[in-house]
Amino acid sequence: MSQKLTAGGRFRKALKENNPLQIVGTINAYHAMMAEKVGHQAIYLSGGGVANASYGLPDLGMTSMNDVLEDVRRITSAVDTPLLVDIDTGWGGAFNIARAVKEMEKGGAAAVHIEDQVAQKRCGHRPNKEIVSQDEMVDRVKAAVDAKTDSDFFVMARTDAFQKDGLEAAVERARACLEAGADGIFAEAVHTLEDYQAFADGIGGAHLLANITEFGATPLFNKKELAEHGATMVLYPLSAFRAANKAALNVFQHLLDDGDQKAVVDTMQTRMELYDFLNYHDFEQKLDQLFAEGKNK
(Lines give C-alpha, C1' and ligand atoms only; values in the text may rest on other atoms or scores of the structure.)
Protein backbone atom coordinates (compact mmCIF):
# COMPACT_ATOMS: atom_id res chain seq x y z
CA MET A 1 0.00 0.00 0.00
CA SER A 2 1.52 3.34 -1.09
CA GLN A 3 1.99 5.98 1.57
CA LYS A 4 -0.18 9.08 1.18
CA LEU A 5 1.82 12.12 0.14
CA THR A 6 2.08 15.06 2.49
CA ALA A 7 1.12 18.52 1.28
CA GLY A 8 4.78 19.18 0.54
CA GLY A 9 5.01 15.90 -1.31
CA ARG A 10 2.00 16.85 -3.44
CA PHE A 11 3.63 20.17 -4.27
CA ARG A 12 6.86 18.48 -5.34
CA LYS A 13 4.90 15.96 -7.42
CA ALA A 14 3.04 18.78 -9.19
CA LEU A 15 6.35 20.56 -9.79
CA LYS A 16 7.82 17.41 -11.32
CA GLU A 17 4.80 16.82 -13.58
CA ASN A 18 4.37 20.38 -14.88
CA ASN A 19 6.90 22.43 -16.81
CA PRO A 20 6.38 25.06 -15.63
CA LEU A 21 4.02 24.65 -12.69
CA GLN A 22 1.38 27.37 -12.75
CA ILE A 23 0.49 28.56 -9.23
CA VAL A 24 -2.71 30.61 -9.01
CA GLY A 25 -3.67 32.97 -6.23
CA THR A 26 -6.77 31.93 -4.30
CA ILE A 27 -7.90 34.60 -1.89
CA ASN A 28 -10.27 32.34 0.05
CA ALA A 29 -11.49 28.76 0.33
CA TYR A 30 -14.12 29.14 -2.39
CA HIS A 31 -11.62 30.49 -4.92
CA ALA A 32 -9.39 27.54 -4.01
CA MET A 33 -12.25 25.13 -4.74
CA MET A 34 -12.85 26.73 -8.12
CA ALA A 35 -9.15 26.60 -9.02
CA GLU A 36 -8.96 22.95 -8.01
CA LYS A 37 -12.08 21.97 -9.95
CA VAL A 38 -10.93 23.57 -13.20
CA GLY A 39 -7.66 21.63 -12.93
CA HIS A 40 -4.96 23.79 -11.37
CA GLN A 41 -2.22 21.77 -9.71
CA ALA A 42 -1.02 24.36 -7.18
CA ILE A 43 -2.52 27.40 -5.46
CA TYR A 44 -1.21 30.41 -3.58
CA LEU A 45 -2.06 32.66 -0.67
CA SER A 46 -0.58 36.14 -0.98
CA GLY A 47 0.38 38.08 2.14
CA GLY A 48 -0.71 41.24 0.39
CA GLY A 49 -3.96 39.51 -0.53
CA VAL A 50 -4.63 38.57 3.10
CA ALA A 51 -3.98 42.15 4.16
CA ASN A 52 -6.19 43.59 1.41
CA ALA A 53 -9.08 41.11 1.36
CA SER A 54 -9.32 39.85 4.92
CA TYR A 55 -8.31 43.00 6.82
CA GLY A 56 -8.73 45.97 4.47
CA LEU A 57 -5.07 46.92 4.88
CA PRO A 58 -2.29 47.78 2.41
CA ASP A 59 0.58 45.35 1.80
CA LEU A 60 3.00 47.04 4.21
CA GLY A 61 3.76 44.30 6.74
CA MET A 62 0.81 45.15 8.97
CA THR A 63 -0.63 41.65 9.37
CA SER A 64 0.59 38.90 11.71
CA MET A 65 1.36 35.22 11.32
CA ASN A 66 -1.98 34.31 12.87
CA ASP A 67 -3.81 36.55 10.41
CA VAL A 68 -2.31 34.60 7.50
CA LEU A 69 -2.62 31.25 9.24
CA GLU A 70 -6.37 31.69 9.63
CA ASP A 71 -6.81 31.92 5.86
CA VAL A 72 -4.35 29.05 5.31
CA ARG A 73 -6.42 26.73 7.49
CA ARG A 74 -9.65 27.71 5.77
CA ILE A 75 -8.18 26.95 2.35
CA THR A 76 -6.44 23.69 3.23
CA SER A 77 -9.62 22.45 4.92
CA ALA A 78 -11.50 22.94 1.67
CA VAL A 79 -9.08 21.52 -0.93
CA ASP A 80 -6.22 19.04 -1.36
CA THR A 81 -4.41 21.11 -3.99
CA PRO A 82 -0.99 22.05 -2.54
CA LEU A 83 -0.84 25.60 -1.19
CA LEU A 84 2.17 27.94 -1.38
CA VAL A 85 2.03 30.63 1.31
CA ASP A 86 3.66 34.04 1.44
CA ILE A 87 5.20 34.48 4.90
CA ASP A 88 6.74 37.86 4.10
CA THR A 89 9.90 38.32 6.19
CA GLY A 90 8.95 35.62 8.69
CA TRP A 91 7.47 37.97 11.30
CA GLY A 92 10.64 38.45 13.32
CA GLY A 93 13.94 36.77 14.11
CA ALA A 94 15.04 33.16 13.83
CA PHE A 95 12.63 31.86 16.48
CA ASN A 96 9.68 33.66 14.88
CA ILE A 97 10.60 32.29 11.44
CA ALA A 98 10.90 28.76 12.82
CA ARG A 99 7.52 29.05 14.50
CA ALA A 100 5.97 30.39 11.31
CA VAL A 101 7.22 27.42 9.28
CA LYS A 102 6.05 24.89 11.86
CA GLU A 103 2.62 26.52 12.09
CA MET A 104 2.23 26.71 8.31
CA GLU A 105 3.15 23.06 8.02
CA LYS A 106 0.68 22.10 10.75
CA GLY A 107 -1.93 24.29 9.06
CA GLY A 108 -1.72 22.19 5.91
CA ALA A 109 0.45 24.41 3.70
CA ALA A 110 2.75 22.69 1.23
CA ALA A 111 5.31 25.44 0.76
CA VAL A 112 6.29 28.93 1.88
CA HIS A 113 8.42 31.72 0.53
CA ILE A 114 10.37 34.08 2.74
CA GLU A 115 11.85 37.34 1.49
CA ASP A 116 14.84 39.57 2.06
CA GLN A 117 13.13 42.91 2.60
CA VAL A 118 13.36 44.70 5.92
CA ALA A 119 10.54 44.16 8.41
CA GLN A 120 8.78 47.34 7.27
CA LYS A 121 8.31 45.78 3.85
CA ARG A 122 6.59 47.03 0.72
CA CYS A 123 4.92 45.40 -2.25
CA GLY A 124 7.70 43.88 -4.36
CA HIS A 125 6.71 45.97 -7.38
CA ARG A 126 6.78 49.33 -5.58
CA PRO A 127 9.75 51.72 -5.42
CA ASN A 128 11.97 52.46 -2.42
CA LYS A 129 12.21 48.90 -1.15
CA GLU A 130 14.92 48.19 1.40
CA ILE A 131 16.55 44.78 1.80
CA VAL A 132 18.55 43.18 4.57
CA SER A 133 22.15 42.05 4.14
CA GLN A 134 22.88 38.79 2.37
CA ASP A 135 24.07 37.28 5.66
CA GLU A 136 20.80 38.15 7.37
CA MET A 137 18.78 36.65 4.51
CA VAL A 138 20.84 33.47 4.65
CA ASP A 139 20.10 33.26 8.38
CA ARG A 140 16.38 33.61 7.63
CA VAL A 141 16.55 30.75 5.15
CA LYS A 142 18.50 28.54 7.56
CA ALA A 143 15.95 29.18 10.30
CA ALA A 144 13.10 28.26 7.97
CA VAL A 145 14.76 25.11 6.63
CA ASP A 146 15.83 23.90 10.07
CA ALA A 147 12.25 24.22 11.34
CA LYS A 148 10.76 21.80 8.81
CA THR A 149 9.40 18.55 10.20
CA ASP A 150 8.42 17.19 6.78
CA SER A 151 11.44 16.93 4.49
CA ASP A 152 9.15 17.49 1.48
CA PHE A 153 7.87 20.83 2.79
CA PHE A 154 9.14 23.34 0.22
CA VAL A 155 10.97 26.47 1.38
CA MET A 156 11.52 29.14 -1.24
CA ALA A 157 13.77 32.17 -0.88
CA ARG A 158 12.41 35.34 -2.44
CA THR A 159 14.89 38.04 -3.31
CA ASP A 160 14.04 41.66 -4.07
CA ALA A 161 17.70 42.40 -4.80
CA PHE A 162 17.26 42.53 -8.59
CA GLN A 163 15.40 45.84 -8.52
CA LYS A 164 17.60 47.17 -5.72
CA ASP A 165 21.14 46.01 -6.59
CA GLY A 166 20.96 44.51 -10.09
CA LEU A 167 21.12 41.06 -11.66
CA GLU A 168 24.60 39.97 -10.56
CA ALA A 169 23.99 40.80 -6.89
CA ALA A 170 20.57 39.13 -6.96
CA VAL A 171 21.97 35.93 -8.48
CA GLU A 172 24.78 35.86 -5.92
CA ARG A 173 22.22 36.22 -3.13
CA ALA A 174 20.05 33.49 -4.65
CA ARG A 175 23.00 31.10 -4.77
CA ALA A 176 23.75 31.80 -1.11
CA CYS A 177 20.12 31.02 -0.21
CA LEU A 178 20.26 27.71 -2.09
CA GLU A 179 23.47 26.80 -0.28
CA ALA A 180 21.64 27.55 2.99
CA GLY A 181 19.02 24.92 2.09
CA ALA A 182 16.34 26.76 0.09
CA ASP A 183 14.47 24.49 -2.32
CA GLY A 184 13.95 27.21 -4.91
CA ILE A 185 14.28 30.89 -5.73
CA PHE A 186 11.54 33.50 -6.17
CA ALA A 187 13.08 36.25 -8.30
CA GLU A 188 10.94 39.32 -7.74
CA ALA A 189 10.31 42.19 -10.19
CA VAL A 190 12.39 40.77 -13.05
CA HIS A 191 12.11 42.73 -16.29
CA THR A 192 13.02 40.50 -19.25
CA LEU A 193 13.10 36.88 -20.37
CA GLU A 194 16.86 37.22 -20.74
CA ASP A 195 17.06 38.17 -17.06
CA TYR A 196 15.15 35.02 -16.13
CA GLN A 197 17.56 32.99 -18.22
CA ALA A 198 20.51 34.64 -16.49
CA PHE A 199 18.92 33.84 -13.12
CA ALA A 200 18.37 30.22 -14.12
CA ASP A 201 21.93 29.87 -15.39
CA GLY A 202 23.30 31.60 -12.31
CA ILE A 203 21.57 29.20 -9.90
CA GLY A 204 22.58 26.12 -11.86
CA GLY A 205 19.11 25.06 -12.96
CA ALA A 206 17.59 25.10 -9.47
CA HIS A 207 13.87 25.75 -9.22
CA LEU A 208 13.04 29.31 -10.23
CA LEU A 209 9.70 31.10 -9.77
CA ALA A 210 8.54 33.90 -12.07
CA ASN A 211 6.00 36.23 -10.49
CA ILE A 212 3.65 37.34 -13.28
CA THR A 213 1.54 39.85 -11.45
CA GLU A 214 -0.48 42.45 -13.30
CA PHE A 215 0.36 46.16 -13.33
CA GLY A 216 3.85 45.54 -11.97
CA ALA A 217 7.46 45.65 -13.14
CA THR A 218 7.34 42.31 -15.00
CA PRO A 219 5.61 41.94 -18.40
CA LEU A 220 2.86 39.32 -18.69
CA PHE A 221 5.02 36.62 -20.24
CA ASN A 222 3.42 33.35 -21.34
CA LYS A 223 4.20 30.20 -19.37
CA LYS A 224 5.80 28.58 -22.43
CA GLU A 225 8.31 31.37 -22.98
CA LEU A 226 9.09 31.48 -19.27
CA ALA A 227 9.78 27.73 -19.26
CA GLU A 228 12.06 28.22 -22.26
CA HIS A 229 14.04 30.76 -20.23
CA GLY A 230 14.53 28.71 -17.08
CA ALA A 231 11.43 29.27 -14.93
CA THR A 232 10.02 26.08 -13.37
CA MET A 233 7.14 27.87 -11.61
CA VAL A 234 4.90 30.73 -12.71
CA LEU A 235 2.92 32.61 -10.08
CA TYR A 236 -0.27 34.62 -10.64
CA PRO A 237 -0.73 35.95 -7.10
CA LEU A 238 -3.84 38.13 -7.30
CA SER A 239 -5.23 37.78 -10.84
CA ALA A 240 -8.61 36.32 -9.85
CA PHE A 241 -8.87 38.71 -6.89
CA ARG A 242 -8.40 41.74 -9.15
CA ALA A 243 -11.02 40.44 -11.59
CA ALA A 244 -13.50 39.70 -8.78
CA ASN A 245 -12.98 43.18 -7.31
CA LYS A 246 -13.63 44.86 -10.66
CA ALA A 247 -16.79 42.80 -11.15
CA ALA A 248 -18.03 43.57 -7.64
CA LEU A 249 -17.45 47.29 -8.10
CA ASN A 250 -19.43 47.19 -11.33
CA VAL A 251 -22.37 45.53 -9.54
CA PHE A 252 -22.27 48.01 -6.64
CA GLN A 253 -22.30 50.92 -9.08
CA HIS A 254 -25.21 49.56 -11.14
CA LEU A 255 -27.28 48.90 -8.03
CA LEU A 256 -26.74 52.48 -6.95
CA ASP A 257 -27.30 54.04 -10.38
CA ASP A 258 -30.06 51.80 -11.78
CA GLY A 259 -31.88 50.69 -8.65
CA ASP A 260 -31.60 47.03 -9.67
CA GLN A 261 -29.08 44.49 -10.92
CA LYS A 262 -30.71 43.60 -14.24
CA ALA A 263 -27.90 45.08 -16.35
CA VAL A 264 -25.21 42.97 -14.67
CA VAL A 265 -26.91 39.63 -14.04
CA ASP A 266 -25.19 38.13 -17.08
CA THR A 267 -21.80 38.90 -15.48
CA MET A 268 -22.65 36.89 -12.35
CA GLN A 269 -22.03 33.29 -11.44
CA THR A 270 -25.42 31.55 -11.31
CA ARG A 271 -26.83 29.91 -8.23
CA MET A 272 -26.38 26.48 -9.81
CA GLU A 273 -22.77 27.21 -10.73
CA LEU A 274 -22.11 28.24 -7.14
CA TYR A 275 -23.71 25.02 -5.92
CA ASP A 276 -21.70 22.88 -8.35
CA PHE A 277 -18.36 24.07 -6.98
CA LEU A 278 -19.57 23.55 -3.41
CA ASN A 279 -20.99 20.07 -4.12
CA TYR A 280 -24.15 21.50 -2.57
CA HIS A 281 -26.46 18.78 -3.82
CA ASP A 282 -24.38 16.03 -2.19
CA PHE A 283 -24.92 17.73 1.17
CA GLU A 284 -28.60 18.29 0.45
CA GLN A 285 -29.15 14.65 -0.50
CA LYS A 286 -27.45 13.54 2.70
CA LEU A 287 -29.77 15.85 4.65
CA ASP A 288 -32.82 14.41 2.86
CA GLN A 289 -31.60 10.91 3.68
CA LEU A 290 -31.19 11.74 7.36
CA PHE A 291 -34.67 13.27 7.53
CA ALA A 292 -36.14 10.22 5.80
CA GLU A 293 -34.41 7.86 8.23
CA GLY A 294 -35.71 9.93 11.14
CA LYS A 295 -39.29 9.71 9.90
CA ASN A 296 -39.08 5.92 9.50
CA LYS A 297 -38.03 5.31 13.09
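This passage walks through the strands, helices and selected residues of a predicted model.

The structure is a predicted model in which local features need pLDDT of at least 70 and side-chain atom pairs count only at pLDDT 80 or more, whereas totals for chains, interfaces and linings use all residues. Residues are numbered from 1 along each chain as its sequence is written, and side-chain values use heavy atoms, with hydrogens and water left out.

A good place to start is the barrel. Eight strands form a closed barrel in the order 1-2-3-4-5-6-7-8, with parallel pairing. Neighbouring strands of this sheet are turned by 25° against each other on average, direction ignored. Helices (H or I, at least four residues) and strands (E, at least two) are DSSP runs, numbered from the N terminus; two strands pair if DSSP finds at least two bridges between them. Strand 1 and strand 2 run parallel and are joined by two bridges, with valine 24 partnered by isoleucine 43 in strand 2.

Strand 5 (residues 154–159) offers a helpful view of the barrel wall. Six of the six residues of strand 5 are buried, so this strand is largely enclosed by the rest of the structure; buried means under 20% relative accessible area, exposed over 50%, and partly exposed in between (1.4 Å probe, protein chains only). Phe154, Met156 and Arg158 lie on one side, and Val155, Ala157 and Thr159 on the other. Strand 4 (residues 111–115) runs parallel to strand 5 and is joined to it by five bridges; here alanine 111 has phenylalanine 154 as its bridge partner. Strand 5 also pairs with strand 6, in the parallel sense, over four bridges. Within that pairing, alanine 157 stands opposite isoleucine 185, and arginine 158 stands opposite phenylalanine 186.

Strand 6 (residues 184–187) is likewise covered: Gly184 and Phe186 point one way, Ile185 and Ala187 point the other way, and all are buried. Four bridges connect strand 6 with strand 7 (residues 207–211), and the two run parallel. Phenylalanine 186 has leucine 209 as its bridge partner in strand 7. Between these strands the chain passes through helix 9 (residues 193–202), giving a right-handed β-α-β crossover (with the strands pointing away from the viewer, the path from the first strand over the helix to the second runs clockwise).

Helices lie across these strands. Helix 9 lies across strand 5, strand 6 and strand 7 and runs at about 155° to strand 7, while helix 6 (residues 134–146) lies across strand 4 and strand 5, at about 165° to strand 5. Axes are lines fitted to C-alpha atoms, for helices over the stretch in contact, and angles run from 0 to 180 degrees between N-to-C directions. Helix 8 (residues 167–179) packs against helix 9 at an angle of about 35°, with the axes 9 Å apart. The crossing of helix 8 and helix 9 is right-handed (the near helix is turned clockwise from the far one by less than a right angle; anticlockwise would be left-handed). Contact means heavy atoms within 4.5 Å, and here Leu167, Ala170, Val171, Ala174 and Arg175 of helix 8 meet Asp195, Ala198, Phe199 and Gly202 of helix 9.

Turning to helix 2 (residues 29–38), the buried residues are Tyr30, His31, Ala32, Met33 and Ala35. Their cover includes strand 1 (21–25), strand 2 (43–45), helix 4 (65–78), helix 11 (239–258) and helix 12 (271–278). Helix 2 and helix 4 pack at about 35°, with their axes 8 Å apart, in a right-handed crossing. Ala29, Ala32 and Met33 of helix 2 make this contact with Arg74, Ile75 and Ala78 of helix 4. At the N-terminal end of helix 2, asparagine 28 acts as a cap, with a side-chain oxygen 3.2 Å from the backbone nitrogen of tyrosine 30. Just after helix 2, glycine 39 has a positive phi of about 115°.

Two polar residues complete the account. Threonine 81, in the loop between helix 4 and strand 3 (83–86), is buried, with a relative accessible area of 10%. Its side chain makes a polar contact with that of glutamate 36 at 2.8 Å; a polar contact is a pair of N or O atoms within 3.5 Å, where within protein one must be able to donate a hydrogen and the other to accept it, and residues adjacent in sequence count only if both atoms are side-chain atoms. Not counting residues up to four places away in sequence, threonine 81 touches Glu36, His40, Gln41, Ala42 and Ile43. Glutamate 103, in helix 5 (residues 94–106), counts as buried at 16% relative accessibility. With the sequence exclusion of up to four places, glutamate 103 touches Met65, Leu69 and Arg73.
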